[in-house]
Amino acid sequence: MKDLKGRAARFVLLLGAWLVLTDARKPDEWIAGIVVALLAAVLPLFPRPVLGDLKLSPKALFGMIAYAAVFMKALVMSNLDVAFRVLHPKLPINPGIVAIRTRLVTPLGRLLLANSITLTPGTITVETKGDTFYIHWINVAERDVGAATKAIVGEFEKRLEVFCG
Amino acid sequence: MNGTIGAFLALGGSVFLLLASIGLIRMPDYYNRMQTGTKATTLGSILFLLGVGVMRPEWLGKLLLLVGFVVLTNPVSSHALARAAHRIRDRLGKLEKAVLAVDALADDEAAETAADRSDTDAGNGEAKHA
């Protein structure tokens with residue numbers, strides 16, 4: 001079931017990309033796109049589709065939008081943060097690698113969380129081992145696992161849990 | 001009008017790309033260079049692509065697809081680089097010392113190897129140090 005959903009999501013995404021890159025008004029492109037996307041989605045050449053972890057209830061869809069909004073805000077904030085640190089004459093950094101622990105269990109959720117951490121202010125995911133992520137933090141504020149988790153992923157984890165726990 | 005808005009978006013993107021390059025020169029070690037190199041280039045590219053998309057609306061779909069790819073792949077590549085850098089940190093350290101106030105990953109790895117050495121039962125040792 002999960003596998004089927006993952007393959008369906010993969011098919012929709014591939015077909016969408018195909019139609020955007022070609023001309024969606026021509027029926028030929030639809031036929032070619034459907035054939036290619038179906039083959040890529042069904043053939044067992046590629047690893048298990050992680051998209052199967054996606055939940056598709058209305059609540060989850062709203063969750064996705066909320067996540068996208070939080071993510072965009074964090075991305076802008078992180079860039080202002082980078083701008084501040086780079087242009088500051090004293091280069092205010094106190095870097096270190098801290099461990100955090102996530103509640104998310106699905107591969108997709110963990111992938112998105114790791115990516116989100118990398119694109120938010122002052123943090124980069126260096127290594128993941130199961131539920132423990134090691135984060136390079138440009139300005140270490142908390143060394144304790146629990147406190148660091150709260151400071152770095154609190155909001156993202158909550159939002160991601162809604163649609164890909 | 002569209003041209004002006006697009007041009008300003010693209011200009012904003014270029015500013016972030018410029019900041020990323022300044023960061024590459026100013027930051028003291030590879031992790032911190034990666035910090036600026038990842039974040040600023042992601043937003044820089046996004047703004048630049050959106051700016052072009054506003055100037056030429058007929059390309060917007062393709063450019064949005066590019067934005068999606070950049071957002072998905074940029075953090076993954078920096079994650080891979082950071083991980084590789086951490087794994088060869090002893091050799092990298094001869095060229096350039098990483099500035100780290102705390103390194104939980106190295107500490108945990110050291111604890112794991114120590115547990116493996118002292119404990120013949122690996123599963124037991126890992127549970128103790130988890």
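A polar contact here is a pair of N or O atoms within 3.5 Å, in which one must be able to donate a hydrogen and the other to accept it. With that in hand, the tour of this predicted model can start at a single threonine.

**Stop 1: A:Thr125**

Select A:Thr125, which lies in strand S2 of chain A. Show its side chain and the backbone of A:Ala114: the side chain of A:Thr125 reaches the backbone oxygen of A:Ala114 at 3.0 Å. Is A:Thr125 buried or exposed? A:Thr125 counts as buried because its relative accessibility is 0%.

Now expand the selection to the surroundings. Leaving aside neighbours within four places in sequence, A:Thr125 is in contact with A:Ala114, A:Ile117, A:Thr118, A:Phe133, A:Tyr134 and A:Ile135, and also with B:His79 and B:Ala82 of chain B.

**Stop 2: A:Ile117 and the nonpolar core**

From A:Thr125, go to A:Ile117. Not counting residues up to four places away in sequence, A:Ile117 touches A:Thr123, A:Ile124 and A:Thr125, along with A:Ile100, A:Phe133, A:Ile135, A:Ile152 and A:Val153.

Which residues of the largest nonpolar core touch the most other members? Select A:Val98, A:Ile100, A:Leu113, A:Ile117, A:Ile152, A:Leu160 and A:Phe163; these hold that position in a core of 38 residues. Both chains take part: at least two residues each come from H3, S1, H4, S3 and helix H5 (145-164) of chain A, and from helix H1 (2-26), helix H2 (30-55) and helix H3 (60-87) of chain B. In soluble globular proteins, nonpolar side chains tend to be buried together.

Apart from this core lies another, of 13 residues. To find it, select A:Ile97, B:Ala85, B:Leu92 and B:Ala104, which are among its members.

**Stop 3: where chain A meets chain B**

Colour the two chains separately. How many residues of each chain are in contact with the other? The count is 41 residues of chain A and 41 residues of chain B. The size of an interface is often given as the accessible area lost when the parts come together. Chain A and chain B bury about 3600 Å² between them, with 69% of that on carbon and sulfur atoms.

Between the chains there are 14 residue pairs in polar contact, counting pairs with both residues at pLDDT 80 or more. On chain A, select helix H1 (2-21), helix H3 (58-87), strand S1 (96-101), helix H4 (107-118), strand S2 (123-129) and strand S3 (132-137): each supplies at least two residues of the side that touches chain B. H3(A) gives the largest share, ten residues. By class, that side of chain A has 24 nonpolar, 13 polar and four charged residues.

**Stop 4: salt bridges across the interface**

Two salt bridges are counted between chain A and chain B. For one of them, select A:Glu127 and B:Arg83, whose closest N and O atoms are 2.8 Å apart. Add B:Arg87 to the selection; A:Glu127, B:Arg83 and B:Arg87 are linked in a network of salt bridges.

**Stop 5: salt bridges within a chain**

The whole structure holds six salt bridges over all chains. Select A:Asp81 and A:Arg85, which form one with the closest N and O atoms 3.3 Å apart. Both residues lie in helix H3 of chain A, four residues apart, about one turn of the helix. Both are also buried.

Next select A:Asp23 and A:Arg25, a salt bridge with the closest N and O atoms 3.1 Å apart. A:Arg25 counts as exposed because its relative accessibility is 74%.

In chain B, B:Arg56 forms a salt bridge with B:Glu58, the closest N and O atoms being 3.1 Å apart. B:Arg56 is partly exposed, at 38% relative accessible area, while B:Glu58 counts as exposed at 53%.

**Stop 6: A:Ser78**

Return to helix H3 of chain A and select A:Ser78. A:Ser78 has a relative accessible area of 0% and is therefore buried. Its side chain reaches the backbone oxygen of A:Leu119 at 3.2 Å. Beyond neighbours within four places in sequence, A:Ser78 is in contact with A:Leu119, A:Thr120 and A:Pro121, and with B:Lys39 of chain B.

**Stop 7: A:Lys55**

Finish at A:Lys55, in the loop between helix H2 (27-42) and H3 of chain A. A:Lys55 is partly exposed, with a relative accessible area of 38%. Draw a distance from its C-alpha atom to that of A:Lys5: the two are separated by 9.5 Å, though 50 residues apart along the chain.

Note on methods
Residues numbered from 1 in each chain as written. Chains lettered and ligands numbered in written order. Predicted model: local features only at pLDDT ≥ 70, side-chain atom pairs only at ≥ 80, totals over all residues. Heavy atoms only, no water. Contact = heavy atoms within 4.5 Å. Buried area = accessible area lost by both parts, 1.4 Å probe. Salt bridge = Lys/Arg side-chain N within 4 Å of Asp/Glu carboxyl O. Nonpolar A, V, L, I, M, F, W, Y, C, P; charged D, E, K, R; others polar. Core = buried A, V, L, I, M, F, W, Y, C linked by side-chain atoms within 4.5 Å. Buried < 20%, exposed > 50% of the residue type's maximum accessible area, 1.4 Å probe, protein only.
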